[in-house]
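Colleague: Please take a close look at a single part of this model, one helix with its surroundings, and relate it to the rest of the chain. I should like the criteria behind each term to be stated.

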Amino acid sequence: MPDDVLTALTIRPYDVGDRDVVAHVCVCTAAGGQDARGVYSDDLLMPDVYALPYVEHSPDLAFVVAGPDGRVVGYVLGVADTRAFVTWWEQAWTPRFRAAHPAPGAPTAHRPRYTEADLLRDGTDPRRMLRGLTAAELDAYPAHLHIDLLPEAQRQGLGTRLLDTFREALAARGVPGVHLGYDPANTAARAFYDRYGFVELPSSRPDAPRLGITSR
Ligand SMILES: CC(C)(COP(=O)(O)OP(=O)(O)OC[C@H]1O[C@@H](n2cnc3c(N)ncnc32)[C@H](O)[C@@H]1OP(=O)(O)O)[C@@H](O)C(=O)NCCC(=O)NCCS
């Protein structure tokens, strides 16, 4: 993308009309930060676990990066209270997820480490978000987030600005901190989080790393 277009990229609150493009950005960055289109039988599987429940539950905590033409190239999504989100997911999202993805689809040529069966299980198992975290960690870092930028928008400082925006929104709500998990193979994301100031939570494990940061 030329420099003049990049400098015109702006961060704005999520709008309900952004739903499809948020799903697109999600699947385009879902394979440990790389493109996951065509990896699973349905390109909506990843967004239905890692993006769309967030904008459905907490549209006010979603922010997108848009170009001058309005094209969305990235986002940060999250929830302020992970425990409450888990309850909402069980009641509201699991039935919708089951209806949309009742069974594994036709196999693709890909053999991802995170399989379609894993995704289908995670779509109906929101308690996975609490597993491993201590009560003290959840009290200190009750929010959690997902952040993704298309390749042409990366390394321009936008990820940093998205996190600043998200943390400011949390602080304004009196939420003390935010945690996140990431694919341990995504070393670029870890470098970004380390540079930003996230710290590893005591319960973090090499195969299930978890980081946290305060809102201010
Ligand atoms: C990870 C991601 C959110 C970072 O956002 P970004 O806008 O590219 O990052 P920034 O430009 O704000 O980077 C700030 C600093 O973080 C570090 N950093 C960012 N990306 C990095 C990378 N790929 N490798 C190493 N360090 C990196 C650098 O220190 C960077 O400063 P510098 O560019 O001056 O060297 C973005 O690259 C992305 O969406 N990647 C694909 C999807 C993904 O992996 N999402 C996270 C899933 S857990």
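Modeller: What follows begins with the helix and then turns to other parts of the chain.

The model is a predicted one: local features are given only where pLDDT is at least 70, side-chain atom pairs count only at pLDDT 80 or more, and totals for chains, interfaces and linings use all residues. Residues are numbered from 1 along each chain as its sequence is written.

The helix chosen is α8, residues 158-172. Helices and strands are DSSP runs numbered from the N terminus, a helix being H or I over at least four residues and a strand E over at least two. The 15 residues of α8 should span 21 Å at 1.5 Å a residue, and because the end C-alpha atoms are indeed 21 Å apart, the two values agree. The expected span is 1.5 Å times one less than the number of residues.

The buried residues of α8 are Leu158, Gly159, Leu162, Leu163, Phe166, Arg167, Ala169 and Leu170. Burial is counted from C-beta atoms placed from the backbone: a residue is buried with 20 or more others within 10 Å of its own, exposed with 12 or fewer, and partly exposed in between. Among the elements that cover these residues of α8 are the strands β1 (10-13), β2 (63-66), β3, β4 and β5 (177-181), together with helix α9. Such cover is judged by contact, meaning C-beta atoms, placed from the backbone, within 7 Å.

The helix also takes part in the surroundings of the ligand. Of the elements in that shell, β4 (143-149), α8 and α9 (187-196) each supply at least two residues, and the largest share, five residues, belongs to α9. The shell holds 19 residues, the closest being Gly33, Gly159, Thr160, Ala188 and Ala191; a residue is near the ligand when its C-beta atom, placed from the backbone, lies within 6 Å of it. Gly159 thus appears both here and among the buried residues of α8. By character, the shell divides into eight nonpolar, eight polar and three charged residues. In this division Ala, Val, Leu, Ile, Met, Phe, Trp, Tyr, Cys and Pro are nonpolar, Asp, Glu, Lys and Arg are charged, and the others, Gly among them, are polar.

The flanks of the helix deserve attention. The loop between β4 and α8 contains Arg155, which counts as exposed because it has 11 C-beta neighbours inside 10 Å. Arg155 has a positive phi of about 60° although it is not a glycine. Most residues other than glycine have a negative phi. Following α8 comes Gly174, whose phi is positive, near 75°. In the loop between β5 and α9 lies Asp183, which is partly exposed because 16 other C-beta atoms lie within 10 Å.

Helix α5 (residues 82-100) offers a contrast in form. A straight helix of 19 residues would span 27 Å at 1.5 Å a residue, but the end C-alpha atoms of α5 span only 23 Å. There is also a kink of about 50° in α5, centred on Trp89, where the bend is the angle between axes fitted to the seven residues ending there and the seven starting there. Trp89 is one of the buried residues of α5, with Phe85, Trp93 and Phe97. Their cover includes α3 (45-50), α4 (52-57), β3 (72-79) and α6 (116-123).

The loop between α5 and α6 holds Thr108, which is partly exposed because 13 other C-beta atoms lie within 10 Å. Beyond four places in sequence, Thr108 is in contact with Gly38, Val39, Tyr40 and Ser41. Val39, in the loop between α2 (19-28) and α3, counts as buried because it has 22 C-beta neighbours inside 10 Å. The C-alpha atoms of Val39 and Thr108 are 6.4 Å apart, although 69 residues separate them along the chain.

Lastly, the largest nonpolar core has 59 residues, of which Met46, Val65, Tyr75 and Val76 touch the most other members. A nonpolar core is a set of buried Ala, Val, Leu, Ile, Met, Phe, Trp, Tyr and Cys residues joined through C-beta atoms within 7 Å. Met46 touches Cys26, Val27, Ala30, Ala36, Tyr40 and Leu119, leaving aside residues up to four places away.

Methods. Contact = placed C-beta atoms within 7 Å.
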